[in-house]
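Biologist: I am new to this structure and would like to understand how its descriptive words are justified. Could we go through them one at a time?

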Amino acid sequence: MSATFVIAVDGPAASGKSTLARRLARALGLAFLDTGLLYRAVGKRLLEAGRDPSDAAAAVAAVADLRPEEVDADRLAGERIGEAASKVAAIPAVREALLPWQRRFARTPPGAVLAGRDVGTVVCPDADLKIFVTAALEERARRRFEELRRRGQAPMFAAVLDELRERDRRDTERAVAPLRVADDAWVLDTTALDAEAAFAAALERALSVSGRRAVAGPTGRDANP
């Protein structure tokens, strides 16, 4: 058995890929990285500095001295930061600058589960297992709508739907590392699945491919960097 086992989990916005990937990492005793947080951290820096997230030079400069403690999900929530991250992620030089770190993280024993939009196609094209998590646009919008309401916000469903549609367009049409299904990816459509059913299906697939046994339940410890 290989010293490392790497799982790439990709999918569009609000597909549930990050939550699923985190649970897989806990269950398999692997480290976890939400690669989207890297772009959110850069986007947040630019917004706080009053810079345009589409400014390539400013974005690359923000990457150069990005501190690990800034890549913290609790500090990077919000639609405004998410929009900025989507723009930052479309800048080729930013994506290139972040690749070496992500790859070292993935191949550090015993391995890792990485979630994003181009993990299986660009960041870790040699991942041992590639999962593409998807769901119908309307269902993803419903989930995001309910998530925002639980946070105490008062979103309009039509606005959430339009925002996700635009995110999908940018992610799939960008010139560098567009969102797409890797040729050897296993597609998990969660439109009709709840979180538990989706996790059970993904874990079964991962255990089958890796030959490993689950080492912890879904409430186990994260192994973040």
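Modeller: Let us begin with a pair of side chains in this predicted model: those of Arg170 and Ser86 are joined by a polar contact of 3.2 Å.

Biologist: What makes that a polar contact?

Modeller: The pair of N or O atoms has to lie within 3.5 Å, and the 3.2 Å between the side chains of Arg170 and Ser86 meets that limit. Leaving aside residues up to four places away in sequence, Arg170 touches Glu83 as well as Ser86.

Biologist: Is Arg170, which has its place in helix H8, buried or exposed, and how do you know?

Modeller: Arg170 has a relative accessibility of 17%, and because buried means under 20%, Arg170 counts as buried.

Biologist: Why is helix H4 called roughly parallel to H8?

Modeller: Helix H4, residues 79–89, packs against helix H8, residues 157–173, at an angle of about 20°, with the axes 11 Å apart. Angles under 35 degrees count as roughly parallel, so H4 is roughly parallel to H8. The contact is made by Glu79, Gly82, Glu83 and Ser86 of H4 together with Glu163, Arg167, Arg170 and Asp171 of H8, and these residues divide into no nonpolar, two polar and six charged.

Biologist: And why are H7 and H8 described as oblique to each other?

Modeller: Helix H7, residues 137–150, packs with H8 at an angle of about 125°, with the axes 9 Å apart. That angle lies outside 65 to 115 degrees and is not over 145, so H7 and H8 are oblique to each other. The residues of their contact divide into eight nonpolar, no polar and seven charged.

Conventions:
Residues are numbered from 1 along each chain as its sequence is written. This is a predicted model: local features need pLDDT of at least 70, side-chain atom pairs count only at pLDDT 80 or more; totals for chains, interfaces and linings use all residues. Side-chain values use heavy atoms; hydrogens and water are left out. Axes are lines fitted to C-alpha atoms, for helices over the stretch in contact, and angles run from 0 to 180 degrees between N-to-C directions. Helices (H or I, at least four residues) and strands (E, at least two) are DSSP runs, numbered from the N terminus. Contact means heavy atoms within 4.5 Å. Ala, Val, Leu, Ile, Met, Phe, Trp, Tyr, Cys and Pro count as nonpolar, Asp, Glu, Lys and Arg as charged, and the others, Gly among them, as polar. Buried means under 20% relative accessible area, exposed over 50%, partly exposed in between (1.4 Å probe, protein chains only). A polar contact is a pair of N or O atoms within 3.5 Å; within protein, one must be able to donate a hydrogen and the other to accept it, and residues adjacent in sequence count only if both atoms are side-chain atoms.
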